[in-house]
Amino acid sequence: LDEATAPGLRAIREAVRFLVSKKAMLGFFLVDTNAMVFGMPLALFPAIADRRFGDATLVGYLYAAPAAGALVASLASGWASHARRQGVVVVVAASAWGGAIALFAFADRLWLALLLIGLAGLADQISAIFRNAMLLAMTPDGLRGRMLGLEFMQVASAPSLGNLEAGALASLTSIRFSVASGGLLCIVGCLATAIAFPALLRYERAAAA
């Protein structure tokens, strides 16, 4: 057991060291973590369906809308191969996610709420497409599996923190304030990360190739 554990821990350390050494990669990891922690109000959807729209059974539509937006983004992703400033796209898309979530906080009509969180899902999928492309392009073959594992760990854990943050803040203030402030903090965090990691904004697909 000890022999099996040590290489695993060493592999994680190597992946983390590589991530820290690549400022553009670290930048988009932080952008995505910020978006999921502050702009992920999925835990509030049941309360929103019940209290805002008066029908708890509508919660399924709320959960399905981001996935529908992500599907549209995937089906129309052919343009992504022509984008060179991939880091800029990630920052803009993550900020758009936050903006759509902030507006969703004030949507009192179901169709508008579904449209906004659908747009949020679309923006998130665009960000994911470019983050994955950058990760694969920047990572040597020998580290690719470890970096994909590190990304999976981040993607699997950050939304749970986001739901915790949204639920805790809503219990202290209100559902609307929790969702709106989370979306705005997502935008602020994206812009702050872009300023702190200019390598992310400078990253170009051709340069990586």
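# Group meeting talk: pairs and contacts in a helical model

Hi everyone, let's start with charges: this structure holds five salt bridges. Please keep in mind that we are looking at a predicted model. I'll go through three of the salt bridges, and then we'll move on to rings, helices and a patch on the surface.

Here is a little background for those of you in your first year. Side chains of opposite charge can pair when their charged atoms come close.

Take R131 and D32 to begin with. Their side chains meet in a salt bridge, with 3.2 Å from N to O. Now find them on the chain: R131 is in helix 6 and D32 is in helix 2, which covers residues 23–38. The two are 99 residues apart, and the pair links distant parts of the chain. Are these two residues buried or exposed? Both R131 and D32 are buried.

Next come D108 and R176, whose side chains meet in a salt bridge at 3.5 Å, N to O. This pair also links distant parts of the chain, 68 residues apart: D108 sits in the loop between helix 5 and helix 6, while R176 belongs to helix 8, residues 175–196. R176 has a relative accessible area of 32%, so we call R176 partly exposed.

My third salt bridge joins R144 and D141, at 3.3 Å from N to O. How far apart are R144 and D141 in helix 7? They are three residues apart, which puts about one helical turn between them. That is a good moment for a general rule. An α-helix has 3.6 residues a turn, so residues three or four places apart point the same way. As for cover, D141 counts as exposed because its relative accessibility is 66%, and R144 counts as partly exposed at 28%.

Let's stay with helix 7 for a moment. This helix runs over residues 141–172. It has 32 residues and reaches 47 Å from its first C-alpha to its last, close to the 46 Å expected at 1.5 Å a residue. Its buried residues include L143, M147, L150 and A158, and also charged ones such as E151 and E165.

We can try that length check on helix 5, residues 86–104, too. With 19 residues at 1.5 Å a residue, helix 5 should span 27 Å, and its end C-alpha atoms are 27 Å apart, so the two values agree. How many of the 19 residues of helix 5 are buried? The count is 15, so to speak of helix 5 as mostly covered is fair.

Now for the rings. A search of the whole structure finds four aromatic pairs. One of them is W79 with F130: the ring centres are 5.5 Å apart and the planes meet at 40 degrees, so this pair is tilted. W79 lies in the loop between helix 4 and helix 5, and F130 lies in helix 6, residues 110–138, so the pair ties together parts that are 51 residues apart in sequence. The partners differ in cover: W79 is partly exposed, with a relative accessible area of 41%, whereas F130 is buried, at 1%.

There is also an aromatic cluster, formed by F45, Y63 and F104. F45 is found in helix 3, residues 45–52, and its relative accessible area of 1% makes F45 buried. Turn to F104 and you'll see a charge as well: the charged end of R52 sits over the ring of F104, 5.5 Å from its centre.

Here is a distance to try on your screen. A65 is in helix 4, and at 8% relative accessibility A65 counts as buried. Along the sequence, A65 and L119 are 54 residues apart, yet in space their C-alpha atoms are 8.4 Å apart.

Let's finish on the outside. Which residues make the nonpolar surface patch of about 320 Å²? The patch is made by L9, I12, V16 and V20. V20 lies in helix 1, residues 2–21, and V20 counts as partly exposed because its relative accessibility is 40%.

Thanks for listening, and do look up these residues in the viewer.

Notes. Residues numbered from 1 in each chain as written. Predicted model: local features only at pLDDT ≥ 70, side-chain atom pairs only at ≥ 80, totals over all residues. Heavy atoms only, no water. Patch = residues over 30% accessible without salt bridge, like charges linked within 9 Å, V, L, I, M, F, W, Y side chains within 5 Å. Areas by Shrake-Rupley, 256 points an atom, 1.4 Å probe, with all protein chains shown as cover. Salt bridge = Lys/Arg side-chain N within 4 Å of Asp/Glu carboxyl O. Helix = DSSP H or I, 4+ residues; strand = E, 2+ residues; numbered from the N terminus. Buried < 20%, exposed > 50% of the residue type's maximum accessible area, 1.4 Å probe, protein only. Expected span 1.5 Å × (residues − 1). Phe/Tyr/Trp six-rings, centres within 6.5 Å; stacked < 30°, edge-to-face > 60°. Lys NZ or Arg CZ within 6 Å of the ring centre and 35° of its normal.
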